[in-house]
Amino acid sequence: MKKKKNIYKEEQLEFFKQKAQEEGMIVLDSGVMYRWIERGSGGPFPKGSSIVYVNYTGRLTDGTVFDTTQGQRLPACFVVRTLIMGWQIALSKMHEGDRMELYIPAQHGYGKTACGDIPAHSTLIFDLELLKIEQH
C-alpha cells in the first residue's frame with residue numbers, strides 16, 4: 001500500500017512539472033499555479049476576514065470531479081481564512097469577476113490526508129470564479 005501511495009505522489013509531482021510549462025501558466029513561489037480565464041473590473045482583493053461568493057468545480061488530475069457549485073441555485077459562500085491554503089493564496093490574487101484555472105499542490109490542499117473522495121497527496125484543480133467580496 002505504501003508503494004502505491006508513493007507512486008501516486010510521484011505522478012502528482014510530475015503532473016505539476018508538466019503543467020508549469022504550459023503557455024499562460026503563472027507559477028507562484030508557493031507552488032500554486034493558475035491561468036486566467038476571465039478578468040473582472042478590478043477593485044479590492046479579499047482579506048482573511050472577507051466573505052467570498054464563488055462558483056467553482058474541483059477535480060483531480062484524472063478528471064474526477066469531487067465538488068462543484070454547478071447546478072446549484074446559489075454560489076458557495078466562505079470566510080477566506082477558513083479555506084485550504086491554496087484557495088487563500090489564489091483568492092488573494094483575485095478581484096470580483098475574475099475567473100481562473102487553479103492548480104493546488106498537495107501541500108496547500110489536503111497534504112498527506114485523504115479527504116472524502118480526494119486521495120492523500122492529490123493535486124487539486126479548480127475552475128474558480130470570484131463573484132462577490134464582503135469585507136469584514
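# A walk through the model

Start by selecting Thr-69, which lies in the loop between strand 4 (65-68) and strand 5 (76-79). Helices (H or I, at least four residues) and strands (E, at least two) here are DSSP runs, numbered from the N terminus. Before moving on, note that this is a predicted model, where local features need pLDDT of at least 70, side-chain atom pairs count only at pLDDT 80 or more, and totals for chains, interfaces and linings use all residues. Residues are numbered from 1 along each chain as its sequence is written, and side-chain values use heavy atoms, with hydrogens and water left out.

Is Thr-69 buried or exposed? Thr-69 is buried, because its relative accessible area is 8%. Buried means under 20% relative accessible area, exposed means over 50%, and partly exposed is in between (1.4 Å probe, protein chains only). Now show what surrounds this residue: leaving out residues up to four places away in sequence, Thr-69 touches Val-54, Asn-55, Tyr-56 and Ala-76. Contact here means heavy atoms within 4.5 Å.

## Into the core

Val-54 is a good stepping stone. Together with Trp-87, Leu-91, Leu-102, Phe-126 and Leu-128, Val-54 touches the most other members of the largest nonpolar core, which has 25 residues. Such a core is a set of buried Ala, Val, Leu, Ile, Met, Phe, Trp, Tyr and Cys residues joined through side-chain atoms within 4.5 Å. Which elements give two or more residues to this core? Colour strand 3 (51-59), helix 2 (85-91), strand 6 (99-104) and strand 7 (124-134) to see them. Strand 7 provides the largest share, five residues. In soluble globular proteins, nonpolar side chains tend to be buried together.

Next, click on Leu-102. Not counting residues up to four places away in sequence, its contacts are Val-32, Met-33, Tyr-34, Gly-86, Trp-87, Ala-90, Leu-124, Ile-125, Phe-126 and Leu-128. There's also a second, separate core of five residues to pick out, including Phe-16, Met-33, Tyr-103 and Ile-125.

## Rings and charges

Show the aromatic side chains now. How many aromatic pairs does the structure hold? The structure holds eight. Rings of Phe, Tyr and Trp (its six-membered ring) pair if their centres lie within 6.5 Å; planes under 30 degrees apart count as stacked, over 60 as edge-to-face and the rest as tilted.

Zoom in on Tyr-34 and Trp-36, an edge-to-face pair with 5.2 Å centre to centre and 75° between the planes. Tyr-34 counts as buried at 7% relative accessibility, whereas Trp-36 is partly exposed at 22%. Then go to Tyr-56 and Phe-78, a tilted pair with 6.4 Å centre to centre and 45° between the planes. This pair links distant parts of the chain, with Tyr-56 in strand 3 and Phe-78 in strand 5, 22 residues apart. Tyr-56 is buried, with a relative accessible area of 9%, while Phe-78 is partly exposed at 24%. Add Phe-66, Trp-87 and Phe-126 to your selection, and you have one aromatic cluster together with Tyr-56 and Phe-78.

Go back to Trp-36 and add Arg-39: the charged end of Arg-39 sits over the ring of Trp-36, 3.8 Å from its centre. Similarly, try Lys-132, whose charged end sits over the ring of Tyr-53, 5.6 Å from its centre. A charge sits over a ring if NZ of Lys or CZ of Arg is within 6 Å of the ring centre and within 35 degrees of the ring normal.

## Salt bridges

A search of the whole structure turns up seven salt bridges, each being a side-chain nitrogen of Lys or Arg within 4 Å of a carboxyl oxygen of Asp or Glu.

Select Glu-22. Glu-22 forms a salt bridge with Lys-19, the closest N and O atoms being 2.9 Å apart. Glu-22 is partly exposed at 31% relative accessibility, and Lys-19 is buried at 16%. The side chain of Glu-22 also meets that of Arg-35 in a salt bridge (2.9 Å, N to O). Here Glu-22 is in the loop between helix 1 (2-20) and strand 1 (26-27), and Arg-35 is in strand 2 (residues 33-38), 13 residues apart. Add Glu-101, and you'll see a network of salt bridges linking Lys-19, Glu-22, Arg-35 and Glu-101.

For the last stop, select Asp-127 and Arg-99, a salt bridge with the closest N and O atoms 2.5 Å apart. Asp-127 is in strand 7 and Arg-99 in strand 6, 28 residues apart.
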